[in-house]
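Keep the structure open beside this text. The walk below goes from sheet to helices to single residues.

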Amino acid sequence: MKRLLFIGDVVGKVGCEFLDRKLRMLKNYYKIDITIVNGENSAQGNGITPISANSIFQAGADVITTGNHAFRRKEAREVFESPFVIRPANYPEGGAYGKGVCILDMGIYSIAVINLMGTVFMEPLDNPFTKIDEILKNIDTPNIFVDFHAEATSEKKAMGHYLTGKVSGVFGTHTHVQTADEIILGEHTAYITDAGMTGAEISCLGVSISEVVEKQRFHTPVRFSEADGPCFLCGVYVEFDEKVGKSYKIERVIIR
């Protein structure tokens with residue numbers, strides 16, 4: 001039996017610093033074999049940079065996934081040169097740099113990490129259901145974990161059910177609010193609609209409250225800034241059989 005830790009969207013410098021303070025303790029507590037972290041908001045002002053990616057790796061991540069802010073920063077091309085930083089696989093081929101799949105060689109077994117993005121209330125990327133079918137045809141390990149970065153809970157639920165029995169886990173990201181629906185689908189696939197976020201807890205999804213309120217009240221342009229203050233780390237812990245890719249346990253994690 002192997003143990004995986006998936007950490008929800010790390011937001012800004014405070015999120016990176018909190019991850020650095022807590023992740024090693026968490027990995028030791030759960031005796032983690034692989035750690036996946038969504039880092040698409042890890043840079044100050046959104047996106048991901050070499051500095052924020054390095055911070056996440058130094059904290060203890062094995063793979064970094066991203067989402068709709070993957071290419072927000074001009075330094076992103078350098079970030080995605082790493083085989084362990086991936087972007088949604090359903091970005092159109094030929095234009096987007098980076099890749100959407102990472103295969104980790106763990107010695108006697110391997111793990112595939114796939115990043116996908118939803119299209120409901122999001123950018124009109126390639127169909128994620130069609131794309132995941134194409135990807136799965138070329139993966140020769142049963143241990144497959146998917147970060148599905150999407151807005152609509154219905155689309156996330158649909159993807160979880162679509163991939164039941166086909167992958168080891170489907171973890172929703174993007175909305176930054178951890179959902180209480182963790183489950184093993186079909187006695188095989190670990191699922192949660194959203195893993196949550198890592199960063200300032202007293203905030204609006206990691207952003208300064210007053211700025212978000214101003215935007216919502218007056219609908220005028222507002223420059224958002226990262227919130228400060230007490231942080232939390234959200235994610236899920238999964239136990240799976242690496243011989244057959246079957247998950248047996250999923251548990252929500254919240255560290256304050």
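In which sense do S5 and strand S6 pair, and over how many bridges? The pairing is antiparallel, and S5 and S6 (residues 110-117) share five bridges. One of the residue pairs is easy to find: Asp105 has Ser110 in S6 as its bridge partner. Bear in mind that this is a predicted model.

Now widen the view to the sheet around this pair. Six strands make up an open sheet, and the order runs S5-S6-S7-S8-S10-S9, with mixed pairing. S5 and strand S9 (183-185) are the edges; each has a single partner strand, so one side of each has no neighbour in the sheet. From one strand to the next, the twist averages 20°. In a regular strand, side chains alternate between the two faces of the sheet. Helix H4 packs on this sheet and touches S5, S6 and strand S7 (144-149). The direction of H4 makes about 160° with that of S6. An angle over 145 degrees counts as roughly antiparallel, so H4 runs roughly antiparallel to S6.

H4 also has a helical partner. H4 (residues 128-136) packs against helix H5 (residues 153-162) at an angle of about 30°, and their axes lie 11 Å apart. Angles under 35 degrees count as roughly parallel, which is why H4 is described as roughly parallel to H5. The crossing of H4 past H5 is right-handed. On the H4 side, the contact uses Pro128, Phe129, Ile132 and Asp133. H5 brings Glu155, Ala158, Met159 and Tyr162. By class, the contact of H4 with H5 holds six nonpolar residues, two charged and no polar ones.

Next, go back towards the start of the chain for another helix pair. Helix H1 (residues 12-30) packs with helix H2 (residues 50-59) at about 15°, and the axes are 8 Å apart. That angle makes H1 roughly parallel to H2. H1 passes H2 in a right-handed crossing. From H1, the contact takes in Cys16, Leu19, Asp20, Leu23 and Arg24. From H2 come Ser52, Ser55, Ile56, Gln58 and Ala59. The contact of H1 with H2 counts five nonpolar, three polar and two charged residues.

Stay with H2 for a moment. Its buried residues are Pro50, Ser52, Ala53, Ile56 and Ala59. The buried residues of H2 pack against H1, S3, strand S4 (63-65) and H3. After H2 comes Gly60, with a positive phi near 135°.

There is further strand pairing to trace. Strand S2 (residues 9-10) pairs with strand S11 (residues 197-200) in the parallel sense, over two bridges. Here Val10 stands opposite Thr198 in S11. S11 also pairs with strand S12 (residues 231-241), in the antiparallel sense and over three bridges. In that pairing, Gly199 stands opposite Phe232 in S12.

Three loop residues complete the tour. Is Asn41 buried or exposed? Asn41 sits in the loop between strand S3 (34-38) and H2. Its relative accessibility is 6%, so Asn41 counts as buried. Beyond neighbours within four places in sequence, Asn41 contacts Asp9, Val10, Val11, Gly12, Asn46, Gly47, His69 and His176. Two of these names link back to the strand pairing just traced: Asp9 and Val10 belong to the stretch of S2.

Gly67 lies in the loop between S4 and H3. Gly67 is buried, with a relative accessible area of 0%. Not counting residues up to four places away in sequence, Gly67 touches Glu40, Pro88, Tyr91, Asn115, Met117 and His149. Gly67 and Ala96 are 29 residues apart in sequence, and their C-alpha atoms are 13 Å apart.

Lys99 is in the loop between helix H3 (76-79) and strand S5 (101-105). With a relative accessible area of 39%, Lys99 is partly exposed. Leaving out residues up to four places away in sequence, Lys99 touches Pro83, Ile86 and Arg87. The C-alpha atoms of Lys99 and Val85 are 8.1 Å apart, although 14 residues separate the two along the chain.

Notes. Residues are numbered from 1 along each chain as its sequence is written. This is a predicted model: local features need pLDDT of at least 70, side-chain atom pairs count only at pLDDT 80 or more; totals for chains, interfaces and linings use all residues. Side-chain values use heavy atoms; hydrogens and water are left out. Axes are lines fitted to C-alpha atoms, for helices over the stretch in contact, and angles run from 0 to 180 degrees between N-to-C directions. Helices (H or I, at least four residues) and strands (E, at least two) are DSSP runs, numbered from the N terminus. Angles under 35 degrees count as roughly parallel, over 145 as roughly antiparallel, 65 to 115 as roughly perpendicular and the rest as oblique. A crossing is left-handed if the near helix is turned anticlockwise from the far one by less than a right angle, and right-handed if clockwise. Contact means heavy atoms within 4.5 Å. Ala, Val, Leu, Ile, Met, Phe, Trp, Tyr, Cys and Pro count as nonpolar, Asp, Glu, Lys and Arg as charged, and the others, Gly among them, as polar. Two strands pair if DSSP finds at least two bridges between them. Buried means under 20% relative accessible area, exposed over 50%, partly exposed in between (1.4 Å probe, protein chains only).
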